[in-house]
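Colleague: I'd like to learn how to read a model like this one. Could you walk me through it, feature by feature?

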Amino acid sequence: MRASDARGLPTGCHGEPPAETSLRGGLRGLCRASTVTGGLTELAWVGAHVLMYPFGTRTATLRPDARNRPGEQPAAVRALFAADPLAARIPVLLVHGLVDNRSVFSVMSRSLRRRGFAHVCTWNYSPLLTDVAQGAADLGAHIERLCEQTGHDQVHVVGHSLGGLISRFYVQRQGGDHRVASLITVGTPHHGSVWAHAVPTPLIRQLRPGSPVIRELEEPAPDSRTPVTAIYSDLDQMVVPTSSGRCDHSDLRARNVLVRGVGHLSLPRHRGVVDEVAATLAGIRRPARTSEDVAVA
């Protein structure tokens with residue numbers, strides 16, 4: 001857990017600093033070695049991502065592993081499958097962000113497979129998508145097909161940026177909690193981003209703070225059963241303010257994980273983030289009954 005200062009506030013929290021120190025503290029933050037390194041790493045990944053983007057335009061073909069199909073196992077084995085996500089090989093679905101495709105998960109998908117996750121798949125939604133709710137409905141239809149193909153009743157979902165918001169909308173507002181065993185969002189603007197004011201397209205307008213979609217996600221959701229882990233960064237250039245990457249909702253079992261000095265496109269490829277995703281999917285780290293905050297290096 002994060003340490004607290006003398007006033008009982010968690011260190012590194014996103015509360016308002018005193019007026020006389022905010023500017024000085026902000027300049028110091030920009031000059032930190034970790035911030036400079038993170039910015040340079042982000043630039044490198046942006047260049048690499050531009051080169052990799054064409055290879056991710058086609059949705060990958062799922063090749064189910066028959067050895068891990070629970071419907072063909074005895075009842076005792078099925079009980080083990082239900083209790084242990086690693087043993088169950090519950091499918092992991094990776095959902096990309098705005099103006100992107102599955103190539104952003106090149107590092108994460110390979111790493112998860114090497115760690116023993118048998119069914120790691122990606123989904124490319126339409127680049128012409130204009131509505132978060134429609135994207136959530138399309139995601140739900142894809143998850144139904146995925147469950148039918150693999151024989152599993154549930155999937156894990158990892159969403160980057162807009163992909164996390166679409167996934168949360170499906171879970172929270174469209175009854176997707178019965179299909180999604182756990183949801184991990186990475187660099188997702190749960191409370192909107194002020195950058196969305198710069199582009200007046202229908203979809204991006206829904207990402208503005210206080211938009212109808214954001215307000216709908218703030219409505220009560222007492223029956224939502226899916227635990228949520230929100231991984232966010234203090235150097236996210238697209239989620240502004242960066243505290244918007246937190247999932248704060250009184251009815252959700254949410255765990256907010258702060259990663260320092262990592263840019264928006266670097267997040268799905270950062271080793272610490274991948275480790276956090278893998279540990280969460282394996283059930284090693286679970287959200288508490290109430291909201292919880294942690295920080296990783």
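Colleague: Let me start with two aromatic residues: are Trp123 and Tyr125 buried or exposed?

Modeller: Both Trp123 and Tyr125 are buried. Keep in mind that this is a predicted model. The two rings also form an aromatic pair, with 5.6 Å from centre to centre and 55° between the planes, which counts as tilted. The count of aromatic pairs comes to one.

Colleague: And the chain as a whole, what does its secondary structure come to?

Modeller: Ten helices and seven strands. Of its 297 residues, 48% count as buried. The accessible surface is about 14,300 Å², and carbon and sulfur atoms hold 58% of that. Then look at contacts with a separation of 6 or more: residues 24 or more positions apart account for 78% of them.

Colleague: I always look for cysteines. How many disulfides does a search of the whole structure find?

Modeller: The general idea is that a disulfide is a covalent bond between the sulfur atoms of two cysteines. Here the search finds zero. Take Cys121: the nearest cysteine sulfur belongs to Cys147 and is 9.7 Å away. A disulfide needs the sulfurs within 2.5 Å, so that distance rules the pair out. Cys121 is buried, at a relative accessible area of 8%, and Cys247 is buried too, at 0%.

Colleague: Now helices. How far apart are the end C-alpha atoms of helix α6, and what should its residues span?

Modeller: At 1.5 Å a residue, the 19 residues of α6 (132–150) should span 27 Å, and the end C-alpha atoms are 27 Å apart, so the two agree.

Colleague: Which residues of α6 are buried?

Modeller: Here's the general idea: an α-helix has 3.6 residues a turn, so residues three or four places apart point the same way. In α6 the buried residues include Val132, Gly135, Ala136, Leu139, Gly140, Ile143, Leu146 and Cys147. Have a look at the ends as well. At the start of α6, a side-chain oxygen of Asp131 comes to within 3.3 Å of the backbone nitrogen of Ala133. After the helix comes Gly151, with a positive phi near 80°.

Colleague: How many of the residues of helix α10 are buried?

Modeller: Eight of the eleven, so α10 (271–281) is largely enclosed by the rest of the structure. Among them are Val273, Val274, Glu276 and Leu281. The glycine that follows α10 is Gly283, and its phi is positive, near 85°.

Colleague: You keep mentioning phi. Which residues other than glycine have a positive value?

Modeller: As a rule, most residues other than glycine have a negative phi, and most peptide bonds are trans. Val99 is one of the exceptions here, with phi near 50°, and Ser161 is another, with phi near 55°. Val99 sits in the loop between β1 and α5, and it is exposed, with a relative accessible area of 70%. Ser161 is in the loop between β3 (155–160) and α7 and counts as buried at 11%. As for peptide bonds, the one from Val240 to Pro241 is cis, with omega near 0°. Pro241 lies in the loop between β5 (228–233) and β6 (254–259).

Colleague: Back to that β1–α5 loop. What does Gly97 touch?

Modeller: Gly97 is in the loop between β1 (92–95) and α5 and is buried at 2% relative accessibility. Leaving out residues up to four places away in sequence, Gly97 touches Tyr125, His160, Ser161, Leu162 and Gly163. So two residues we've already met turn up in that list, namely Tyr125 and Ser161. Gly97 is also 9.3 Å from Gly187, C-alpha to C-alpha, with their positions 90 residues apart in sequence.

Colleague: Last one: is Asp177 buried or exposed?

Modeller: Asp177 is buried, with a relative accessible area of 10%. Its place is in the loop between α7 (162–173) and β4 (180–186). Beyond its neighbours within four places in sequence, the contacts of Asp177 are Gln154, Val171, Asp223, Ser224, Arg225 and Thr226. For contrast, try Arg110 in helix α5 (106–114), which is partly exposed at 46%. A polar atom of the Arg110 side chain lies 3.3 Å from the backbone oxygen of Ser106.

How values were computed
Residues numbered from 1 in each chain as written. Heavy atoms only, no water. Buried < 20%, exposed > 50% of the residue type's maximum accessible area, 1.4 Å probe, protein only. Helix = DSSP H or I, 4+ residues; strand = E, 2+ residues; numbered from the N terminus. Expected span 1.5 Å × (residues − 1). Polar contact = N/O pair within 3.5 Å; in protein donor to acceptor, adjacent residues only side chain to side chain. Contact = heavy atoms within 4.5 Å. Areas by Shrake-Rupley, 256 points an atom, 1.4 Å probe, with all protein chains shown as cover. Phe/Tyr/Trp six-rings, centres within 6.5 Å; stacked < 30°, edge-to-face > 60°.
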